[in-house]
Amino acid sequence: MCTSIVEIVPAEGMAKRGEAWFPLTQAVVAYDHARHAPLDDVITLDFVNAGLDPGARAGIELTLDSARELRDALARAIRAAEIEEAEVRGATGLRQVA
């Protein structure tokens with residue numbers, strides 16, 4: 001089943017391919033059938049640099065439960081980082097994390 005569920009967002013950071021790191025330009029989140037994992041449908045995350053060769057990507061396939069756990073862990077880490085940044089920089093307006 002192809003779901004056509006795809007979200008693409010700009011990404012700034014680094015990803016590792018083999019022994020080399022490369023800068024990211026975007027992250028792609030999709031829900032579709034697994035290509036590599038021995039699973040049915042999965043959430044796939046691809047971190048890519050669109051300006052480099054097609055191999056300039058770091059990809060993962062997660063079950064929906066694992067993706068939910070990752071989402072929650074990211075939300076907790078982001079919230080803690082925002083508090084830390086506010087304390088270090090004296091900032092006041094923290095963003096709400098859903």
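## Exercises on a predicted model

**Exercise 1.** Determine over how many bridges strands β4 and β5 pair, and in which sense.

Solution. In this predicted model, strand β4 covers residues 26-33 and strand β5 covers residues 41-48, and the two are joined over 8 bridges in the antiparallel sense. To place one residue within this pairing, take Val28, which stands opposite Asp46 in β5.

**Exercise 2.** Work out the order of the strands in the open sheet, and explain why β1 and β6 each have one side without a neighbour.

Solution. Begin with the order, which is β1-β4-β5-β6, an open sheet of 4 strands with antiparallel pairing. Next, consider the edges: β1 (5-10) and β6 (57-62) each have a single partner strand, so one side of each is left without a neighbour in the sheet. On average, and with direction ignored, neighbouring strands of this sheet are turned by 15 degrees against each other. Finally, add helix α1, residues 64-89, which lies across β4, β5 and β6 and runs at about 115 degrees to β6.

**Exercise 3.** Decide whether His36 is buried or exposed, and find where its place is.

Solution. His36 belongs to the loop between β4 and β5. Its relative accessibility is 72%, and because exposed means over 50%, His36 counts as exposed. The C-alpha atom of His36 is separated by 9.0 Å from that of Ile60, with the two positions 24 residues apart along the chain counted as their spacing.

**Exercise 4.** Identify the residues of the largest nonpolar core.

Solution. This core has 6 residues, namely Ala11, Ala15, Phe22, Leu24, Ala27 and Ala56. Leaving aside residues up to four places away in sequence, Ala11 touches Leu24, Thr25, Gln26 and Ala27.

Note on methods
Residues numbered from 1 in each chain as written. Predicted model: local features only at pLDDT ≥ 70, side-chain atom pairs only at ≥ 80, totals over all residues. Heavy atoms only, no water. Core = buried A, V, L, I, M, F, W, Y, C linked by side-chain atoms within 4.5 Å. Buried < 20%, exposed > 50% of the residue type's maximum accessible area, 1.4 Å probe, protein only. Contact = heavy atoms within 4.5 Å. Pairing = 2+ DSSP bridges. Axes fitted to C-alpha atoms, helices over the stretch in contact; angles between N-to-C directions.
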